[in-house]
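User: I have a model open and some labels on it that I'd like to see justified. Can you walk me through them?

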Amino acid sequence: MAGNCKREVAGFTGLQGKQTAEGMITFDDNPMTGIVGRKYDPVWGSMRAERSLLSILGADKAKMYTRLALMGVAQQAGDYTVDDLIQMVGIGLRDLTPDEFQRVVTHVANAGFDPDRLERAGSRIAGLLWNGKVVKGGDLLPPGEVHYLRHVVAGREWPEGTSINDYYASLRSTIVDSTTKIVISRYGNFWQIGFWGVDGTWVEYRVQYRYWSTGLRPTSLEKVINSKYRKFVKWLR
Amino acid sequence: MASLNSHTLMIKNLTGILEEFFENYPVWHTLSEFERLDFDTEWCNAVAQYEVLRKESLSGEPAQQLDVITNKLKAIKSKLVELRLMVPEGI
C-alpha cells in the first residue's frame, strides 16, 4: 500500500496514534497486528475498515500509546520515569534533554542485575566451582552470577582475578563513561538501552524488568545488534 | 589473528552453547521470553566466534573440534531458522 493510501485508511489522527505503536501494528490485514479489518454493510456487503487502536493492542497498550502520542505534543510537560523516557525515544516521539539523558544514565548505572530472578546455569559454566559448590548445568542462579561465571570465569573476557564486584563495577563504569556509545532498541517485546564501551564492554538494561539483562565483551557487537529478535535500533551517542 | 588461547576459549564456548541449544530446543516455547532473549544474545556472540574461527588457519585438535561444531551447526540449520536464531555464514 502506498504512503498516501495508508494515510487515507488510517486518517490523520489515527495514523498519529498508530505510528507511535510501530512494531505492534502493521499496515495490512494481519488478524493480530493489522489496522485493516472488515465490517459488513447491508448495501455493499463485506468491506475493509480501519480497526481501532483498542481492538489491535488491547486496553492497556492502547492507553499507553495514546498517552505517549500526547507526550509528543507536550514535549517538555511530563514528569516521566526513566523507563518512559527510554520508550519514548525508542518509539521516536522525541529526543532526551541533557538532564533527562543524565537521569537515564544514572538510573541504569545503579540498576544492576535482578537479585530476585533465577536463571539456569547452562553447560558453559557447568563444572566451575562457585560458592563452595560445583555448578551443574541445571542449577538456578541469579542472573548476575550466571553472567559473571559465563563471561569472566569461563569466557575470560575480563582479566584474571576479576571478582564479581569488580565485574559489576566495570559494567557501571562503562555506563557512566562519557565516551561510551549508547543505543536504544526493541528486543523481542522489550525496550532496552545498551552501552558499548571503548574497551568492548556491552551492558544492556531492559525497561520492563528495570534491571540489566546482560554484561559481556562480545566478539562482535554487530552480531549481537543484528539479532533477528531486535528491531528499531536507535543510536543516541 | 586471535591467540591460541582465545581459539580454545571460543571452541569451548561454542561446544557449550550448542549443548545448551540441544537442551533448549525441545522446550523453547515453554521458556520465558527473558530466557529466550538471553540465549539469543549469547548465540549471536557465539556465531561471531564461529565465524572468526572459520577464518583462522586452525590445525590439529582445534581444527577437528571446529569440524565437529560445523557439522552440528549444519544439522541444526533448519531449527535455527525455525527459532529465528542467527545462522552463521557458510552454514
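**Labels and their cut-offs**

Analyst: Let's start with G215(A): its relative accessibility is 0%, so it counts as buried, the cut-off being under 20% relative accessible area, with exposed over 50% and partly exposed in between (1.4 Å probe, protein chains only). This is a predicted model, where local features need pLDDT of at least 70, side-chain atom pairs count only at pLDDT 80 or more, and totals for chains, interfaces and linings use all residues. Residues are numbered from 1 along each chain as its sequence is written, chains are lettered from A and ligands numbered from 1 in the order in which they are written, and side-chain values use heavy atoms, leaving out hydrogens and water.

User: Where is G215(A) found, and which residues is it in contact with beyond its neighbours within four places in sequence?

Analyst: G215(A) sits in strand β10, residues 211–216 of chain A; strands are DSSP runs of E with at least two residues, helices are runs of H or I with at least four, and both are numbered from the N terminus. Contact means heavy atoms within 4.5 Å, and on that basis the partners of G215(A) include F113(A), H147(A), H151(A) and W202(A). F113(A) lies 102 residues away along the chain, yet the two C-alpha atoms are separated by 9.2 Å.

User: What makes helix α7 of chain A "mostly covered"?

Analyst: Just count: 11 of the 12 residues in α7(A), residues 143–154, are buried. Among them are H147(A) and H151(A), both also on the contact list of G215(A). Right after α7(A), R156(A) has a positive phi of about 50 degrees.

User: Why is α6(A) called roughly antiparallel to α8(A)?

Analyst: The axes of α6 (residues 98–111) and α8 (residues 164–176) of chain A cross at roughly 175 degrees and come within 9 Å. That crossing makes the pair roughly antiparallel, since the label applies over 145 degrees, while under 35 is roughly parallel, 65 to 115 roughly perpendicular and the rest oblique. In the contact, V105(A), V108(A) and A109(A) meet R172(A), I175(A) and V176(A). These residues divide into five nonpolar, no polar and one charged.

User: And how do you know how much area is buried between chain A and chain B?

Analyst: Buried area is the accessible area (1.4 Å probe) that two parts lose on being put together, summed over both. For chains A and B that comes to about 2,800 Å², with carbon and sulfur atoms giving 50%. On the chain A side, R124(A), K223(A) and Y229(A) lose the most, together 28% of what that side buries.

Notes. Axes are lines fitted to C-alpha atoms, for helices over the stretch in contact, and angles run from 0 to 180 degrees between N-to-C directions. Ala, Val, Leu, Ile, Met, Phe, Trp, Tyr, Cys and Pro count as nonpolar, Asp, Glu, Lys and Arg as charged, and the others, Gly among them, as polar.
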